[in-house]
Amino acid sequence: AGLSNISPSSVGSATSQALADFGEGLVEDPLLQEMPEEELLGTVSKFAQTSQKGQPLQPRLAASINYLTTHKLQEQVISETTNKYMAPENCVSLNVPIVNTPIWSNISPGIRAQELKIQRILKLLTSGIRAFARSIDGMDMTEEQQDALALLFTTQYEINCFRKSSIRPTLNPKFAGLCKANVTTPPRQLFGDDLPEQVKDLDKEAATKTIVW
């Protein structure tokens, strides 16, 4: 939201909180002690940050979320839970794409170790999406459910883009185009099932540039 959406009452509330947070320091300053409260509030208000909060969740749900965000599940629990939600046969995008073998075989051990960690995170996210998808009626989704799906899949997309960008430094520069974020690839392999064709196209493109330059 822009500044135009901040009401005087919200600024006043934030200012009061700022004064409460830093009250002891303000009282010790002799110049501020002599300043009228209204003027003091006006001075501090431009530095106060308003916090936007949504509607509260059901208490038990909120408690569960707060607990799960600060406690790691046991590996057995993680394994049993993720195995409950297999990828639907008609939705291959709910898989974690593997790195194409020709690329995987030639990346450094450090990049490979990082990639395995990212795959683990992505597997957890994807399993969560599968579970959520099975809990909703696709013919009668609420706005919140539609928003949740959009944001979850955007997160999945961004992670896969990050995976490509992390691998990019290990590739021959003329094949860097394989890592472009706007390149749409099948979901089974990170760089697409048509990798050989892509490589040929990029090789021809590089040769053409060499001729032109």
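Is Glu75 buried, partly exposed or exposed? Select Glu75 and colour by accessibility. Glu75 is partly exposed, because its relative accessible area is 43%, and the partly exposed class lies between 20% and 50%. Keep in mind throughout that this is a predicted model.

**Stop 1: Glu75 and Lys72**

Keep Glu75 selected and add Lys72. A salt bridge joins the two, with the closest N and O atoms 2.7 Å apart. Lys72 is exposed, with a relative accessible area of 62%.

**Stop 2: across to Arg120**

Now add Arg120. Its side chain meets that of Glu75 in a salt bridge, at 2.9 Å from N to O. This pair links distant parts of the chain: Glu75 sits in helix 6, Arg120 in helix 8, and 45 residues separate them. Arg120 is partly exposed, at a relative accessible area of 37%. Show the three side chains together. Lys72, Glu75 and Arg120 are linked in a network of salt bridges.

**Stop 3: helix 6 on helix 8**

Switch to cartoon. Select residues 75-83 for helix 6 and residues 109-134 for helix 8. What describes a pair of packed helices? The angle between the axes and the distance between them do. Here the axes come within 10 Å and cross at roughly 50°. Helix 6 is therefore oblique to helix 8. The crossing of helix 6 and helix 8 is left-handed.

Next, show the side chains at the contact. Helix 6 brings Glu75, Ile78 and Thr82. Helix 8 brings Arg120, Leu124 and Ser127. How do the residues of this contact divide into nonpolar, polar and charged? There are 2 of each: 2 nonpolar, 2 polar and 2 charged. Glu75 and Arg120, both in this contact, are also the partners of the salt bridge from the previous stop.

**Stop 4: helix 8 to helix 9**

Stay on helix 8 and select Glu115, then add Arg163. The two form a salt bridge, with the closest N and O atoms 2.4 Å apart. This pair, too, links distant parts of the chain. Arg163 lies in helix 9 (residues 143-167), Glu115 in helix 8, and they are 48 residues apart. Are Arg163 and Glu115 buried or exposed? Both are buried.

**Final view**

Show every salt bridge at once. How many does the structure hold? It holds 3. They are Glu75 with Lys72, Glu75 with Arg120 and Arg163 with Glu115.

Notes:
Residues are numbered from 1 along each chain as its sequence is written. This is a predicted model: local features need pLDDT of at least 70, side-chain atom pairs count only at pLDDT 80 or more; totals for chains, interfaces and linings use all residues. Side-chain values use heavy atoms; hydrogens and water are left out. Axes are lines fitted to C-alpha atoms, for helices over the stretch in contact, and angles run from 0 to 180 degrees between N-to-C directions. Helices (H or I, at least four residues) and strands (E, at least two) are DSSP runs, numbered from the N terminus. Angles under 35 degrees count as roughly parallel, over 145 as roughly antiparallel, 65 to 115 as roughly perpendicular and the rest as oblique. A crossing is left-handed if the near helix is turned anticlockwise from the far one by less than a right angle, and right-handed if clockwise. Contact means heavy atoms within 4.5 Å. Ala, Val, Leu, Ile, Met, Phe, Trp, Tyr, Cys and Pro count as nonpolar, Asp, Glu, Lys and Arg as charged, and the others, Gly among them, as polar. A salt bridge is a side-chain nitrogen of Lys or Arg within 4 Å of a carboxyl oxygen of Asp or Glu. Buried means under 20% relative accessible area, exposed over 50%, partly exposed in between (1.4 Å probe, protein chains only).
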